[in-house]
Every structure is written in structure tokens, then in C-alpha cells.
Amino acid sequence: MEDRYSAAVDLQGHSKEAFFGVFDGHGGAKAAEFAANNLERNILNELERMSENERDFEQAIKHGYLTTDSDFLKENHLGGSCCVTALIQKGNLVISNAGDCRAVLSSEGVAEAITSDHRPARKDERHRIESTGGYVDLCNGVWRVQGSLAVTRGIGDAHLKQWVIAEPETRSFPIEPRHEFLILASDGLWETVGNQEAVDIAHPLMVGIEKAEPLVACKKLVELSLARGSVDDISVILIQLANFI
């Protein structure tokens, strides 16, 4: 099991602020564990350096990811980790990813992928790699960077760092009453379960009932993925957004 996760609520004593992350390691769990233990702190440190009125969440998260990557590379460990994170502050939801972990939002029962997977088959990612002297090729039906890695962004992967960058893509928007819950999961889930399908399974356990049951919903999603033959590590976090409005 190379996946790790982080979940922190009541950030700095604020009950409506939180940080969640899913980290999918490859080549060992060290990068995923390092990211789970350090990324939140590095992002919050960046935000603290900014004045209250000039906070740029996208830049703070970018620098937090890059700092975590740089610090991990100094450890001289092998392997790497894909990441998807959710930062909730002042009623805003800030979603970032590097790799193929994914965030899916349920809005009145309709699924929306907030992130876009970073894979070599993605045209803009392929162009970025090729324009810097790298290549992607098809190996047994899977596109890979330098014939090796099936993702194009992440923490670590020192031997491919020129092409497998740690810079995340980020989206930020205010949490609205129609935003019901957020699913963060590693690709072990998304390879076998569709975005809308995942929302449909979780929705009856998260919305319109006296007490939401996110743990039960997570287990149902994992069990479905396993039943469909997933042999990858699977990690799922469900976040009830009404708690943070």
C-alpha cells in the first residue's frame, strides 16, 4: 500500500477551515508519506507570509508543492507521488492536483471533475515534455514519460524531474449551498468507477439524511472498484461541504 492521506480540520483554531489530501505513491511509499506529512505545513507557511488582503491561494499552493518536492529530493529517496489536495479557507474551496489523483464535486447530485489528470496522453502535457527534450511513448497500451512513468506531474521522481514537474494546477471558488460534497481519490478508484457513478453511490449516504455516513460511502466506492478488478491501491476521502459554509 503506497497511498497516504492527510485530513486536518480547525486549521489554526478556525472551525470553518480545513486541509485534505490524497497522495498516491509509486516506486515505494516514501514520497507519498513525505507529502502527507509536509505539504499542508508548507502551504500554510506560504499563506502566512502574505498579508490578509493580498493572499494568493494559487501561488501559495504552487510554492508549497514545489517546496515539498525540493525538500523530498534532498532526501535522496527513490519514487514519487501524485497528489490531490483541498484547502478550505474563508468559505472558499481551493483544489489542486499534480498527477492523476482526482477531485470530483457533487452539485445537487451532478458530478463535476474539478481536476484534470496529468497523463502523457494529454496533449498539453505531451507538448510540454517534448518541448524540453523528453519523449512519451506507448508501452503495452499505456503512454509513459521516457518509456517509464504513466503520469507527468508529481512529488519526487528525481530521475525524471526535468519532465515530471511538481507544479500543481489549481482551481478556487466559493462554496455554495448547491455544493454538497467533494470526493478526493487516487486513480485506483477512477480507473474503474466513473465520476457520476461515484457521486450517485455516495449521494444517498451524504445528502438528505439525518446523519451523513461518509465512511460507509467511501467503503462502498472502494468495494465497487475492487469488485471490478482494480489491483491498484485505492484511497478515498469524502468531505461534506455544508460543514464549512
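Leaving aside neighbours within four places in sequence, valine 207 touches Glu180 and Phe181. This contact belongs to a predicted model of a protein with 245 residues. Six helices and 12 strands make up the secondary structure of the protein. The points below begin with valine 207, turn to the protein as a whole, and then take up selected local features.

**Valine 207 and its surroundings**

- Valine 207 sits in the loop that lies between α5 (195–206) and α6 (214–227).
- Its partner phenylalanine 181 is 26 residues away in sequence, while the C-alpha atoms of the two residues are 8.5 Å apart in space.
- Valine 207 counts as partly exposed because its relative accessibility is 27%, and the partly exposed class lies between the limits of 20% and 50%.

**Overall form**

- The radius of gyration of the protein is 18 Å, which agrees with the value near 18 Å expected for a compact globule of 245 residues.
- The C-alpha trace spans about 55 × 50 × 30 Å along the principal axes of the protein.
- Among contacts with a separation of 6 or more, 63% are between residues 24 or more positions apart.

**Surface and charge**

- Buried residues account for 51% of the 245 residues of the protein.
- The protein has an accessible surface of about 11200 Å², and carbon and sulfur atoms contribute 49% of this area.
- There are 38 negative and 24 positive side chains in the protein, and 1 Å separates the centres of the two sets.

**The hairpin of β5 and β6**

- Strand β5 (residues 102–107) pairs with strand β6 (residues 110–113) in the antiparallel sense, over four bridges.
- Within this pairing, serine 106 is placed opposite alanine 111 of β6.
- The two strands form a hairpin with two residues between them, and glutamate 108 lies in the turn.
- Most residues other than glycine have a negative phi.
- Glutamate 108, a residue other than glycine, has a positive phi near 50°.
- Glutamate 108 counts as exposed because its relative accessible area is 61%, and the limit for that class is over 50%.

**The hairpin of β7 and β8**

- Strands β7 (residues 136–139) and β8 (residues 142–145) run antiparallel and are joined by four bridges.
- Aspartate 137 has arginine 144 in β8 as its bridge partner.
- This hairpin has two residues between its strands, and asparagine 140 adopts a positive phi near 50°.

**The loop between β3 and β4**

- Lysine 90 belongs to the loop between β3 (80–89) and β4 (92–98).
- The phi of lysine 90 is positive, near 50°, in a residue other than glycine.
- With a relative accessibility of 55%, lysine 90 counts as exposed.

**Glutamate 48 in helix α1**

- Glutamate 48 is part of helix α1, which covers residues 30–48.
- Apart from neighbours within four places in sequence, glutamate 48 makes contact with Gln12 and Arg55.
- Alanine 60 is 12 residues from glutamate 48 along the chain, and the C-alpha atoms of the two residues are 9.2 Å apart.

How values were computed
Residues numbered from 1 in each chain as written. Predicted model: local features only at pLDDT ≥ 70, side-chain atom pairs only at ≥ 80, totals over all residues. Heavy atoms only, no water. Rg over C-alpha atoms; globule rule 2.2 N^0.38 Å. Buried < 20%, exposed > 50% of the residue type's maximum accessible area, 1.4 Å probe, protein only. Contact = heavy atoms within 4.5 Å. Areas by Shrake-Rupley, 256 points an atom, 1.4 Å probe, with all protein chains shown as cover. Lys, Arg positive; Asp, Glu negative; His and termini not counted. Charge placed at Lys NZ, Arg CZ, Asp CG, Glu CD. Pairing = 2+ DSSP bridges.
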